[in-house]
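Here's a protein model to get to know. Have a look at the sequence and the fold, and then we'll walk through them together.

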Amino acid sequence: MPKRILQGTVVSDKSDKTVVVKVERRFAHPMFKKTVRRSKKYKAHDENNTVKTGDTVSIQECAPISKDKRWTVLAE
């Protein structure tokens, strides 16, 4: 099964080797037919602490690294 890849913005890089990425998705509301924006935050593994707050990054699913981390930052 292929691994999911999401794109989002880094909102925090304070933790060591971890960044928090906010991923926003847009969809049409089933009843009101209006475009709705929903966002979710993911903790992602950044081995070399290269990305900073405000960067746009791609993250990929991986095996659990810690209690909350199940994503890694793709090298760009």
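What follows is a short tour of this model, from its overall layout down to some of its charged side chains.

**The big picture**

First things first: this is a predicted model. The protein has 5 strands and 0 helices, so to speak an all-β run when you read the elements from the N terminus on: β-β-β-β-β. If you trace the C-alpha atoms along the principal axes, they span about 45 × 30 × 25 Å.

How much of the protein is buried? Of the 76 residues, 25% count as buried. The accessible surface comes to about 5800 Å², and carbon and sulfur atoms account for 49% of that surface. As for how the chain folds back on itself, take the contacts between residues at least 6 apart in sequence: 48% of them join residues at least 24 apart.

**How the strands pair up**

Start with β2 and β3. These strands run antiparallel, and 11 bridges join them. You can pick out a facing pair here: Val23 stands opposite Lys40 in β3. The two strands form a hairpin with 6 residues between them, and in that hairpin Lys33 takes a positive phi near 60°.

Strand β3 also pairs with β5. This time the strands run parallel, and 2 bridges join them. To find the spot in the model, look for His45, which stands opposite Thr72 in β5.

**Charges and salt bridges**

Now for the charged side chains. The protein has 18 positive and 9 negative ones, and the centres of the two sets lie 11 Å apart. Side chains of opposite charge can pair when their charged atoms come close. How many salt bridges does a search of the whole structure find? The search turns up 4, and the table lists some of them.

| Pair | Closest N to O distance |
|---|---|
| Glu61 and Arg4 | 2.9 Å |
| Lys43 and Asp68 | 3.3 Å |
| Arg37 and Glu24 | 3.9 Å |

Let's take these pairs one by one.

The side chains of Glu61 and Arg4 meet in a salt bridge. Glu61 sits in strand β4 (residues 56-61) and Arg4 in the segment before β1 (5-12), so this pair ties together parts that are 57 residues apart in sequence. Both ends get some solvent-accessible area: Glu61 is partly exposed at 25% relative accessible area, and Arg4 is partly exposed too, at 47%.

Next come Lys43 and Asp68, which also form a salt bridge. Because Lys43 lies in strand β3 and Asp68 in the loop between β4 and β5 (71-73), the pair ties together parts 25 residues apart in sequence. Lys43 is partly exposed, with a relative accessible area of 36%, and Asp68 counts as partly exposed at 42%.

Then there's the salt bridge between Arg37 and Glu24. Which strands does this pair link? Arg37 is in strand β3 (residues 35-45) and Glu24 in strand β2 (residues 18-28), and the two residues are 13 apart. Those strands are the antiparallel partners from earlier. Is Arg37 buried or exposed? Arg37 is exposed, because its relative accessible area of 59% is over the 50% cut-off. Glu24, at 43%, is partly exposed.

Notes
Residues numbered from 1 in each chain as written. Predicted model: local features only at pLDDT ≥ 70, side-chain atom pairs only at ≥ 80, totals over all residues. Heavy atoms only, no water. Helix = DSSP H or I, 4+ residues; strand = E, 2+ residues; numbered from the N terminus. Buried < 20%, exposed > 50% of the residue type's maximum accessible area, 1.4 Å probe, protein only. Pairing = 2+ DSSP bridges. Contact = heavy atoms within 4.5 Å. Areas by Shrake-Rupley, 256 points an atom, 1.4 Å probe, with all protein chains shown as cover. Lys, Arg positive; Asp, Glu negative; His and termini not counted. Charge placed at Lys NZ, Arg CZ, Asp CG, Glu CD.
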